[in-house]
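Morning, everyone. Please bring the structure up on your screens, and we will walk through it together.

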Amino acid sequence: MDEVRKTFDVWAQNGKAEEMETGHGKNVSKFLKTISFDTPFRFLDVGCGNGWVVRKIAEKDNCKKAIGIDKSKKMIMQSKKKIISNKEDFFHTDIESFEHRGKFDFIFSMESLYYADSIEIALMKIYKLLKPGGQFFCGTDFYTDNKSTARWSKIMKIQMHHHSKKEWKNYFQKAGFNVKTKQIKDLNSSKKWQREFGTLFIIGTKPEK
């Protein structure tokens, strides 16, 4: 078992899945409010944890299907216990191995893509899974511009790719995406990394054919 999977299996059991939901929920909710979900859509969450984003998205009227994947089997077990509608589905897999018929309108990832063995390979797979015109939203607090989070890799003691905002944009562009970024701050947070730089969202749009 790889160390990332092992770590998040432990987190699923010790309450940290709920801590992630609480810790990231405010900025993720702020970001999702900037997205238009006004036409029928299919949604994929890469690294879904206990499924909290999938549940949030499944509540939207135009959501036809919301799928979550995670390489932690115990996180997926938690997410399945929390299912609230038949729009939701969860699978124990990583993005590189995920097989799915059909394409997605939106793919989302919060604090998970930097754990991939290869960001380039993960982005190539995500690009293929999107419809033309579809969008990938990648959120991270762990980026070099946000110096207050640099110590996270030493605390976690697992592989975490640490990149700058510019480097993230370059990865997306090389994969074929049109790229924009958005930073969401929590000015009332007691944590410096949330107040000063906040969550970086890299928004990749797959060009229309």
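**Two cysteines, then the sheet and the pocket**

Let's begin with sulfur. The sulfur of Cys-48 lies 14 Å from the closest cysteine sulfur, in Cys-63, and that is too far for a bond. A disulfide needs the two sulfur atoms within 2.5 Å. Seen from the other end, Cys-63 is in no disulfide either, with the sulfur of Cys-48 as its nearest, 14 Å away. So the count by this rule is 0 disulfides. And are these two cysteines buried or exposed? Cys-48 is buried, with a relative accessible area of 2%. Cys-63 is buried too, at 3%. Keep in mind that this is a predicted model.

Now the sheet. How many strands form it? There are 7, in an open sheet with mixed pairing. Read across, the order is E3-E2-E1-E4-E5-E7-E6. The edges are E3, residues 88–92, and E6, residues 178–184, and each pairs on one side only. On average, neighbouring strands are turned by 15° against each other, direction ignored.

Let's take some pairs. E1 covers residues 41–46, and E2 covers 63–70. They run in the parallel sense, joined over 6 bridges. Find Phe-43, and opposite it, in E2, you will see Ala-66.

Two helices pack on this sheet. Take H4 first, residues 73–81, which touches E2 and E3. The direction of H4 makes about 165° with that of E3. Next comes H2, residues 16–32. H2 touches E4, E5, E6 and E7, and its direction makes about 35° with that of E7.

Stay with E7 for a moment. E5 and E7 pair in the antiparallel sense over 6 bridges. There, Gly-139 has Phe-201 in E7 as its bridge partner. E6 and E7 are antiparallel as well, over 7 bridges. In that pair, Thr-181 is partnered with Ile-202 in E7. How much of E7 is covered? Mostly: 6 of its 7 residues are buried.

On to empty space. The largest pocket holds about 1000 Å³. It is lined by 46 residues, and the closest to its centre are Phe-8, Trp-11, Met-20, Glu-111 and Tyr-115. Which element gives the largest share of the lining? That is H2, with 6 residues. So H2 appears twice in this talk: it packs on the sheet, and it lines the pocket. Several other elements supply at least two lining residues each, including H1, H3, E2 and H8.

Last topic: backbone angles. Most residues other than glycine have a negative phi. Here are two residues with a positive one. Glu-111, which we just met at the pocket, has phi near 55°. Glu-111 sits in the loop between E4 and H5. The other is Lys-157, with phi of about 60°. Lys-157 lies in the loop between H6 and H7.

Are these two buried or exposed? Glu-111 is buried, because its relative accessible area is 9% and the limit is under 20%. Lys-157 is exposed, because its value is 71% and the limit there is over 50%. Both have a positive phi, yet one is buried and the other is exposed.

That's the tour. Questions, please.

Technical notes
Residues numbered from 1 in each chain as written. Predicted model: local features only at pLDDT ≥ 70, side-chain atom pairs only at ≥ 80, totals over all residues. Heavy atoms only, no water. Pairing = 2+ DSSP bridges. Helix = DSSP H or I, 4+ residues; strand = E, 2+ residues; numbered from the N terminus. Axes fitted to C-alpha atoms, helices over the stretch in contact; angles between N-to-C directions. Contact = heavy atoms within 4.5 Å. Buried < 20%, exposed > 50% of the residue type's maximum accessible area, 1.4 Å probe, protein only. 1 Å grid on protein atoms, 1.4 Å probe; cavity = no way out; pocket = protein on both sides within 12 Å on 5 of 7 lines; lining within 4 Å. Points joined across faces, edges and corners; volume = space filled by probe spheres on them.
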